[in-house]
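Let's take a walk through this one together. Have the model open and turn it as we go.

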Amino acid sequence: MFLISCPYCGVREQSEFKAGGEAHIERPKQPTELSDGEWAEYLFMRKNIKGIQLERWNHAHGCRKWFNAVRDTTNDEIKAIYKMGEKPPTI
Amino acid sequence: MSKNLRVQTSKFIDETTNISFKFNGKTYYGFKGDTLASALLSNDVHLVGRSFKYHRPRGIMTAGSEEPNAIVQTNNNTALTEPNVRATEIEIYEGLEASSQNCWPSVKFDIGGINNFLSPLLPAGFYYKTFMWPANFWEKYEYVIRHSAGLGKSPKEPDPDIYDHRYIHCDVLVIGAGITGIMAAKTAAKNNLKTLLLDEKTELGGTTIYQDSDHIKINNQSSSAWLENEITELKKLNNLEIKTRTSVAAYHGYNYLLARENLTDHLSNNDKQNKIRQRLLKIRAKKVIVATGSLERPMVFNNNDRPGIMLSSAVKKYADYYGVATGQKNIFFTNNDTAYESAISINNKGIKVEAIVDIRENPNSEFTKEAENLGIKIYRNHTVVDTHGYKKLNNISIMELSKDGQSFANSNIITLDCDCLGMAGGWTPAVHLFTQSGGKLKFRDEDQVFIPNKYPSDQVSVGSCNGDFELDEIINNTSKSLKEFLNINKTDFDNLDVQCPKDKEIRNIWLLPSNKVLGKTKPFVDYQNDATAKDIKLALREGFKSIEHVKRYTTTGMGTDQGKLGNMHALGIIADTAGIKVGELGTTTFRPPYTPLTFGTMVGRNVGEYFDAFRRTPMNDWHIENKAEFENVGQWKRAWYYPQNNETMHDAVQRESKAARDSAGILDASTLGKIDIQGTDASEFLNRVYTNAWSKLAIGKCRYGLMLNEDGMVYDDGVTTRLEENHYIMTTTTGGAANVLGKLEDYLQTEWPELDVYLSSVTDHYATASVCGPNSKKILNKIIPDLDLSDENFPHMSFKNAKIDNIKCRVMRISFTGEHSYEINVQANFGKSLWEKCMDAGQEFKITPYGTETMHLLRAEKGFIIVGQDTDGTMTPIDLQMDWIVSKKKYDFIGKRSLYRSDTMKEDRKQLVGLITDNPSEVLEEGAQIVANTNPTPVEMLGHVTSSYYSPNLNKSIALAVVRGGKNMMGRKLIIAMENKNINVTIVDPVFFDKENVRLNA
């Protein structure tokens, strides 16, 4: 179990959080304009990187806020945390 | 016959306290401080168990947690029984009863021993190869195999013991309290670091605490005397917590560790009463110092498993620590100097050492010389080729090795009588925890050991688990490592004068040569699983290359000891056979736990009613008083039905369902999820999350909404009410409440942060009674006389604020049963009194409380879906024939685009339909498969039954089902294929009762 630093609450145990998958996949503003293929790309396709991955986390059993984390999926090291709407830091 | 082999008083054993215990039904005596193993050995009991596959007699091999053979069942046939406990770890106590496992009828005469003679027929993979054909026979084979497989017996009753969990946070965790662990803990604690020191044994000090050699000195003291003094100093330190009998089971990332603390296993049955037996420590350490030591390696030669063959370090520990002679004629078999230290030590205690067989060509250290001076015969460059004695070792045969160590110099065989053989095959660093944490190993070719290379977290390995085996290098390297790791300038151990004149030479031969062909020998690699060197070679011949595959095929390293002794030999033999280096081969993965954990330790206090948290409604006591049966819905305990006068469930539900439609019924609906939604964009928000339109919903009105996932599949449903201009209350399904809130928060925070909307879960804040039936209006009128219940003032799908006496309530006129009905919501703590008021007012109308089962039946009569019962995450609203709820006008809502994907628009998707049976009294099984024909096979499955009931209001069986293309199959006859019969059904409209909704306004 790793430790995650919630940007609103501070360092907490992983068990307080819920993982939300790959970050920066924006819901299309005009879904009806998209082809089936384009919509499927948004809906289903995720990178699942081995290495540094940008991902969403929710402090589900805390402040309920969503935020982003930069995590190395090979060793679970969290390199950085940043708020929703912010640009990912360069690692 | 039983001899006393206690040879010398030991300061670790309290000889004034005699303890009696039973082993295999016979009473023995030992002393306080003995383990079951040492006590048995002192009574000359070597034979303690039978091996797993061949049922060969096996004795005690080790003196620690790595024991593969001496695993026993304690307290057999009681609720406290525990299988697979290592006799080397059980501290004896008054009343202990232990017995051998894996033998029948007894350990001395075991019928399974015939497998030993059949062993040429039982090679690696025997079961995989033999029981494959014919395939449909597997079930018969399995019964017999399961019967003969497995170690020990699991208890049949609930565990009466108490277990516990505790969190510990520390600056420095030191694992292992041998000499390096003591040095590390003292250094950390003296530098003001909050330190925790753990050791699996009873005493601190590891093996050094009983090391008493004239050759090994620290500052001119014997190493044990020096260490004893250090321990005394250590115990005076303030910010140090010491826990013995505590084994670290798991080392996870971020320095999170789990350890099992044994609190009462060593106490008498009387003293154990009402105490916590074991405690799971959940440790977060800023820094971890791993000082787990090393495990001695056995040697792999023919028949290396007879009772009496042990590790040399075990022979030494039994003599030096427990004061027990493991044999009267001892021989050591070694490839390094360790055995000499042991031989000299036990010889000095008056235990006869006949000889030392050394595979090294010319060992010649101070220890060798002293052994020779003591009259111990040394066979240099010799190896053991065979051993004899069925239940106890009688003699060994040795031969002189050739130069390359792969064959023999001549054909002379020397036979030496002995009853104990101490094997010293070198040392394997205990890197299990290090690798569990994600650490990477490197292989050191000089002495053929894997040692830590890359640390994944803030940790360091010191001592012999880091590959330093002799006292001088242990002390020097540890003090150096500690300074670096703790970032300090000095330790108490920088300038010690350490003498340790051992010869570090080691001659490593993984599989020792035999004078017989390999096929005729039994050189055991994994004792517990009876995997021999020839099994490993067979696996390689059959094409297995990866060490992980060889492990699984031969079961090497898969016993309760997880291959602590034999894994390195397996690797060595594979590498030698395949002609590659051990370092290139890598190791198998070490997984937690390091030693087995009891289930009790893992669950701690979370047993019985604490296993999972229950949620109960404010009316719960009333339901209990009125004999309700309950069902679990999510975490809620919901009233299921209320049986009267020994009614069956069926009878109760039929009665409740009839009453609700004939006069009045009442349901506790408090568990439905409730989300309070406020903000100026609340209407827009609802527009985006539900499939239908919300902006025109007037204040005081209710609307049913269906929520989809972005993939277009139905996710949740419920009624939402507009309380004020910018204030709604949403209801969700009971089980879906938390997930719906999470999903809505996700969209609000990440996709639509511009919306001014606030969500709050208020499920627990309100209690809800739903009163339904033709007389519901009269009942409500009695409770709230001020409220105008006319259809003009309070029509279906609307809401009123009201007061019952002084209690504020929200009343919604909504219906899940199809009857005229009201949902009354009050602040939760008034829930029970609301319920009782309804019951009182309804008495004259015979108001009938009904549970979830009746609710399900009533809604099924109306064809209303239950999300999660009639849907399964693959149903769109169109599939449910609920096109009417999907807005065509709205530009967007969650899941809208997916409804126009080619797949979701297919005509032959499974669609919700109603079913009636040809025989109206036949009730279908939910989940039953639906087919059109029963020929040809394989039969094409068209769908399945999702809800099925006998309707007392229609006097026939009704069901909802999903059927491929069902929407266009009205009137079609289909078949429900059951095990013993086919049931004929007809597809009908899913609304069975009151299609015109007359009753809603009745």
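The buried residues of helix 14 of chain B get their cover from several pieces of that chain, including strand 31 (531–532), helix 13 (533–541), helix 15 (567–578) and helix 16 (582–585). Keep in mind that you're looking at a predicted model.

So which residues of helix 14 of chain B are buried? Along residues 547–554, they are Ile547(B), Val550(B), Lys551(B), Tyr553(B) and Thr554(B). It helps to recall that residues three or four places apart in an α-helix point the same way, because there are 3.6 residues to a turn. With that in mind, look again at Ile547(B), Val550(B) and Lys551(B), which are among the buried ones. Just after helix 14 of chain B comes Thr555(B), and its phi is positive, near 65°.

Now swing over to chain A. You'll find one helix and six strands there, and reading along the sequence gives β-β-β-α-β-β-β. Its C-alpha atoms fill a box of roughly 45 × 30 × 25 Å along the principal axes. Chain A has 91 residues, and 15% of them count as buried. If you take the contacts in chain A between residues at least 6 apart in sequence, 48% of them link residues at least 24 apart.

Finally, where do the two chains meet? The contact draws 18 residues from chain A and 21 residues from chain B. On the chain A side, helix 1 (residues 36–44) gives the most, with three residues. As for the makeup of that side of chain A, count 10 nonpolar residues, three polar and five charged.

Definitions and conventions
Residues numbered from 1 in each chain as written. Chains lettered and ligands numbered in written order. Predicted model: local features only at pLDDT ≥ 70, side-chain atom pairs only at ≥ 80, totals over all residues. Buried ≥ 20, exposed ≤ 12 C-beta atoms within 10 Å, placed from the backbone. Helix = DSSP H or I, 4+ residues; strand = E, 2+ residues; numbered from the N terminus. Contact = placed C-beta atoms within 7 Å. Nonpolar A, V, L, I, M, F, W, Y, C, P; charged D, E, K, R; others polar.
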